[in-house]
Amino acid sequence: MEQTLVLDFLGELRRTHSCGELRASDAGTRTVLMGWVHRRRDLGKVIFVHLRDREGVTQVVFNEGVNPGVHDRAEMLRSEYVVAIEGTVALRTPETINPNLETGEVEVRAERIWILNDSRTPPFPMEENVDVAEDVRLKYRYADLRRPHMQRNLVLRSKVSFAVREFLDSQGFLEIETPFMTRSTPEGARDFLVPSRLQPGAFYALPQSPQIFKQLLMVSGFEKYFQIVRCFRDEDLRADRQPEFTQIDLEMSFPQQEQIFEVIEPLVQRVCAVAGYEIPAPFPRLTYAEAMRSYGTDKPDLRLPPFHAVEDLFPDAALGPAGLPLVAILIPGVGPLSRRERDELKAFGTERGLRVYDDLRRLERDFAEPMARVRGRTRAAENDLLLLAGWAGEPKGQRPEESVFQACGQLRLYAGQKYNDRHLLLNPANFQFLWVVDFPMFEWGDEEKRWNAAHHPFTSVHDDDIDKLTADPARCRAKSYDIVLNGVELGSGSIRIHRRDIQAKVFNALGFSDEEARRRFGFLLEALEYGAPPHGGIALGLDRFVMILAGENSIREVIPFPKTAKGTDLMCDAPSPVPPEQLRDLGLQLRRGQ
């Protein structure tokens, strides 16, 4: 006769051990465990249950011959039931030891059981390597977060946050919160707007970063600020972006650029140590111009070798338009490619405006001496993949050389990733950090037909380039810097403008009228007139950093409740419509059809 499940109350019962804690030395100890039924194996007179909590799994044994009432109760258990078990820790026999469990030398022989809650059949197994569609995982995120790899990821995230706070506190930084509802000052991405009920027609904006407020804290004399802060950007999403994200934000007064690096490098070392990685420092430095000329990107992956401009080794215009780079790309250890594989590389290059020269035998026949020098410059070995690439058409854009280098950088990464199984350079545990410095102060906007701030408009220009702000903006270098890890921009920062006159010149170079500058940033401009000290800082992406440390490919794997690629929350069904009366309270009206 089937029993009716009656749930128990927890009462005064207390857990004595976690499910990942018990070891052989605990044999004979009485224990109370609490957790979820991970797996159940019914052999008739004996039932084995793997009981799970966030610390691990312990095997529990229910023996009908020893305690029939408890055994009968255990027959009612199903996957993800919440239970408490009281019993005695016993050693397993040698042949039943489970080497895959940290608790695998012991089991708990149950003497009492409390069934605290039942569970519907889970939407997917709670196993380690079960492939589940992401939309299903996000809809049932509370269940997905029980899975072992998600538990590990969020434990790691917590430990990283704690290590950041502990380190920055030891360096004299103060953790200070800045507002979540502020004024809209759109720069780059769109703001999320919050309508004000008390001031109809007026809006707060959720901050894209605490940039202005942390600068104001420097004006206020706090000297060293940090915050692990939530930021918001209404932008198109990718694997490493979310509409709300978290950054490790800090600012210092009176710093040289090197002093920022001297704080961040040991901070990064401390964080990596939390995940079990030892990282050497100091990190290498490249200027933006060097990074573009050697890697074709301002966030180079140093696990692959740089490429080399080799047009100087060939007769003028022999392999591409005169005056534009000819680039030699080397991927070590790839070995020979099939004709199809070579055609794929050429097609990839063609789509990006490149002409790819892959027939090395013909090149070495027609240009024997130049090709020998190419091999010498790139240090190419017999088993390496060597490509030459040049621009297929006419120069274009403000910086045509950059266009060639960017396209070659994409080809370099494509080849490196495509044949990684052959050369094994892109080991995710091989952490290659890098500082990229001296970015351009401005970038040209084709749509607006004007210069835009490459970083943000509060970034200092190099002292030597101040006179070029209006005369030659294209050649102005910014006191900005990025920290890059394995081709991912981990953080970005700069020395800020602390003088009103310099800030006015930068706004003028950006085409802001005095009225527009006052309207957007009046309170900051006014603050700069009240003894603002030289200051600078940086923000590191916490989500991206933890993603890389955890060996994941998407930040959604390290955020508890992320949005989809379309910015929706499948679990909460957000964003969602609101009742008409709520819109009326806010003085809002939707257009017809919305």
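This is a short chat about the cores, two helices, the cysteines and a pocket of a predicted model.

Student: Hi! Which residues have the most contacts inside the largest nonpolar core?

Tutor: Those are I264, F433 and I483, in a core of 41 residues.

Student: And which helix gives the most to this core?

Tutor: Helix α6, residues 257-274, with eight residues.

Student: Let me zoom in on F433. What is F433 in contact with, leaving aside its neighbours within four places in sequence?

Tutor: There are several partners. Among them are V268 and C272, then I279, F283 and P284, and also I483, V484 and L485. L302, L490 and F545 are in contact with F433 too.

Student: What does the second, separate core include?

Tutor: That core has 25 residues, including M441, W451, I502 and A517.

Student: Okay, helices now. Why is α5 described as largely enclosed by the rest of the structure?

Tutor: Because seven of its nine residues, within 211-219, are buried. In α5 these are Q211, I212, K214, Q215, L216, L217 and M218.

Student: Which elements do the buried residues of α5 pack against?

Tutor: They pack against three strands, β9 (224-232), β10 (244-253) and β21 (535-541), and against helix α15 (514-527). Just after α5 comes G221, with a positive phi of about 90 degrees.

Student: How many residues of α16 are buried?

Tutor: Eight of its eight, so to speak from L542 on: the helix spans residues 542-549 and is mostly covered. F545, mentioned above as a contact of F433, is one of the buried residues of α16. Others buried there include D543 and R544. After α16 you'll find G551, whose phi is positive, near 75 degrees.

Student: New topic. How many disulfides does a search of the whole structure find?

Tutor: Zero.

Student: What about C476 and C572: buried or exposed?

Tutor: C476 counts as buried because its relative accessibility is 1%, and under 20% is the cut-off for that. C572 is at 51%, so it counts as exposed, where the cut-off is over 50%.

Student: Last one, pockets. How much space lies in the second largest pocket?

Tutor: About 820 Å³. It has 24 lining residues, and the closest to its centre are D53, R54, E55, G56 and P148.

Student: Which element gives the most to that lining?

Tutor: α4, with six residues. The strands β1 (30-42), β2 (46-53) and β3 (56-63) each give two or more residues as well.

Student: And what is the lining of the second largest pocket like by class?

Tutor: Nine residues are charged, nine are polar and six are nonpolar.

Key:
Residues numbered from 1 in each chain as written. Predicted model: local features only at pLDDT ≥ 70, side-chain atom pairs only at ≥ 80, totals over all residues. Heavy atoms only, no water. Core = buried A, V, L, I, M, F, W, Y, C linked by side-chain atoms within 4.5 Å. Buried < 20%, exposed > 50% of the residue type's maximum accessible area, 1.4 Å probe, protein only. Helix = DSSP H or I, 4+ residues; strand = E, 2+ residues; numbered from the N terminus. Contact = heavy atoms within 4.5 Å. Disulfide = S-S within 2.5 Å. 1 Å grid on protein atoms, 1.4 Å probe; cavity = no way out; pocket = protein on both sides within 12 Å on 5 of 7 lines; lining within 4 Å. Points joined across faces, edges and corners; volume = space filled by probe spheres on them. Nonpolar A, V, L, I, M, F, W, Y, C, P; charged D, E, K, R; others polar.
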